[in-house]
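The following exercises concern the packing of helices, the pairing of strands and the surroundings of a ligand. Please attempt each task before reading its solution.

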Amino acid sequence: MTIRFEGIEKTYMVYSRPQDRLWEWVTRKQRHRIHVALTGVDFEVQAGETFGLIGENGAGKSTLLKIAAGTIRPTRGQVFQEGRVAALLELGAGFHPEESGYDNIRFMAALHGLEGAAMEDFIVRATAFSELTKETLERPVKTYSSGMFMRLAFAAATAIDPDVLIVDEALSVGDLHFQKKSLNRILELRERGATVLFCSHNLYQVRSLCQRAAWIHGGRVQAIGATEDVVTAYESHERRRYAHLRVEAHEAAKKDEAAQPAAASSSGAPLVKIAGLTIETGDGINPAQVDSFQDLSVEIEIESYGDAPFHVLFAIVRPDKDNVFGTSTQFRAEGKPLQGTGSHRIRARFPRLPLLSGEYLWSVYVLDDSGIQVLDMAELIQPFTVLNQKHREFGVAWLEHEWVLAE
Ligand SMILES: Nc1ncnc2c1ncn2[C@@H]1O[C@H](COP(=O)(O)OP(=O)(O)OP(=O)(O)O)[C@@H](O)[C@H]1O
């Protein structure tokens, strides 16, 4: 099913104090200002397509998703779509806290217009997917932990086999096991031909999942097209925006890295953890300075606490976060993930490191076997300087080339 946005505009009335709304009504004097959250949004998401929405905080992405889902109305313009719509937006927003899990699911089924056997089927599928016990499902949902609540809400939202799926950063629902299950459900619905409108700040996920994307900026569509083109344009914009913060960002990332927990199992223990990154060159181990064109090996150590398969990805990064080169165990010829409890060491060797002079860092990620879910990461670590004394060319990397005198 296609989703078509036509001339969408959404404005909000913003009051500086909550009581101004009442005062405005009493005095009939305007006490609000108009905030334009979206304007001139015109595009179409094609049937069966997974379409990404990206953009900085406050750009208008969630507003557009809510308009697509029908939970808010545009001030101007129209959205057209057909078929059954499932929105993973404010999950569980329609739940009644005093009612049991079962009754809430029944209520959701009724909202979709289901009756009789279709309703029973919906209830069976949603409750099974939630993995909540019968005893839990009989309790009022206000007694649920936030994880339980989200599981039920996700299960209820996706139990209808929607034609259109609207997803707002919903891939991080519940514990790791459930996150994977929810992601698989989204992928399954996509496989079955559902049209997916997907909004995320995780550009890696957008790149992995979406065929096309739109970058929303200041309430307008700044760019639309093939995902790679749009994400690259957005990244360049972000880099320019943060150019003056380069050094600070690097320092902050180093601090974050220490604080960043690895993905945890339902018991709270991490499943995999990046345990170390070792660089080896002719000049020794972890040298602060590396000469261009020498042999360099990068060894990554991963501690795995379970049997879940995983991939390792690393990138050489510039201080402004530009990726110079990235690769993943997924891209190896056999493409098989690593697996098994204990310590894993994996090594990549650059026989003649073709980097030119400059500052570089490493970013390392551990991903699940689908290569989408990030289990642990260490970004912008171990800065090193490359010195190029052999070549006079400039730039980031030395590219194989030859000069030919044209006739
Ligand atoms: N109910 C509201 N009343 C007033 N302003 C609102 C309301 N909802 C959103 N806005 C404003 O509209 C703009 C767009 O918000 P929106 O939530 O759509 O952005 P977003 O791109 O989804 O941001 P984020 O990435 O932070 O989720 C923001 O400036 C926000 O403050």
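## Exercise 1: Two helix pairs

Helices H4 and H6 cross in a right-handed manner. The model under study is a predicted one.

**Task.** Determine at what angle the axes of H4 and H6 cross, and which residues meet in this contact.

**Solution.**

Step 1. Helix H6 covers residues 146-158; its axis comes within 8 Å of the axis of H4, and the two cross at roughly 145°.

Step 2. On the side of H4, the contact is made by Ala126, Phe129 and Ser130; on the side of H6, Arg151, Leu152, Ala155 and Ala156 take part.

Step 3. Sorted by class, the residues of this contact are five nonpolar, one polar and one charged.

**Task.** Describe how H3 packs against H4, and state which term applies to the angle.

**Solution.**

Step 1. In general, a pair of packed helices is described by an angle and a distance, both taken between the axes.

Step 2. For H3 (residues 101-111) and H4 (residues 116-130), the angle is about 130° and the axes are 9 Å apart. H3 is therefore oblique to H4.

Step 3. The crossing of H3 past H4 is right-handed.

Step 4. From H3, the residues Ile105, Arg106 and Ala109 meet Met119, Phe122, Ile123, Ala126 and Thr127 of H4. This contact consists of six nonpolar residues, one polar and one charged.

Step 5. Ala126 of H4 appears in the contact with H3 and also in the contact with H6.

## Exercise 2: Two sheets

**Task.** State in what order the strands of the three-stranded sheet lie, and which strands form its edges.

**Solution.**

Step 1. The three strands lie in the order E2-E1-E4, forming an open sheet with antiparallel pairing.

Step 2. E2 and E4 (76-81) are the edge strands, each pairing on one side only. On average, neighbouring strands in this sheet are turned by 30° against each other, direction ignored.

Step 3. Five bridges connect E1 and E4 in the antiparallel sense. In E4, phenylalanine 80 stands opposite arginine 4.

**Task.** Carry out the corresponding analysis for the sheet of six strands.

**Solution.**

Step 1. This open sheet has the order E5-E6-E7-E3-E8-E9, and its pairing is mixed.

Step 2. Its edge strands, E5 (85-88) and E9, each pair on one side only. Here the average turn between neighbouring strands is 15°, direction ignored.

Step 3. A parallel pairing is found between E3 (residues 50-54) and E7 (residues 195-199), over four bridges. Leucine 53 faces cysteine 199 of E7.

Step 4. An antiparallel pairing is found between E8 (residues 212-217) and E9 (residues 220-226), which six bridges join. Alanine 213 has glycine 225 in E9 as its bridge partner.

Step 5. E8 and E9 make up a hairpin with two residues between them, and glycine 218 in the turn has a positive phi of about 55°.

## Exercise 3: The ligand shell

**Task.** Identify which elements supply at least two residues of the shell around the ligand, and which of them gives the largest share.

**Solution.**

Step 1. The residues surrounding the ligand are Tyr12, Val14, His35, Ala37, Gly55, Asn57, Gly58, Ala59, Gly60, Lys61, Ser62 and Thr63.

Step 2. At least two residues each come from strand E1 (3-15), strand E2 (32-45) and helix H2 (61-69).

Step 3. H2 provides the largest share, three residues.

Step 4. Divided by class, the shell holds four nonpolar, seven polar and one charged residues.

Definitions and conventions
Residues are numbered from 1 along each chain as its sequence is written. This is a predicted model: local features need pLDDT of at least 70, side-chain atom pairs count only at pLDDT 80 or more; totals for chains, interfaces and linings use all residues. Axes are lines fitted to C-alpha atoms, for helices over the stretch in contact, and angles run from 0 to 180 degrees between N-to-C directions. Angles under 35 degrees count as roughly parallel, over 145 as roughly antiparallel, 65 to 115 as roughly perpendicular and the rest as oblique. A crossing is left-handed if the near helix is turned anticlockwise from the far one by less than a right angle, and right-handed if clockwise. Two residues are in contact if their C-beta atoms, placed from the backbone, lie within 7 Å. Ala, Val, Leu, Ile, Met, Phe, Trp, Tyr, Cys and Pro count as nonpolar, Asp, Glu, Lys and Arg as charged, and the others, Gly among them, as polar. A residue is near a molecule or strand if its C-beta atom, placed from the backbone, lies within 6 Å of it. Two strands pair if DSSP finds at least two bridges between them.
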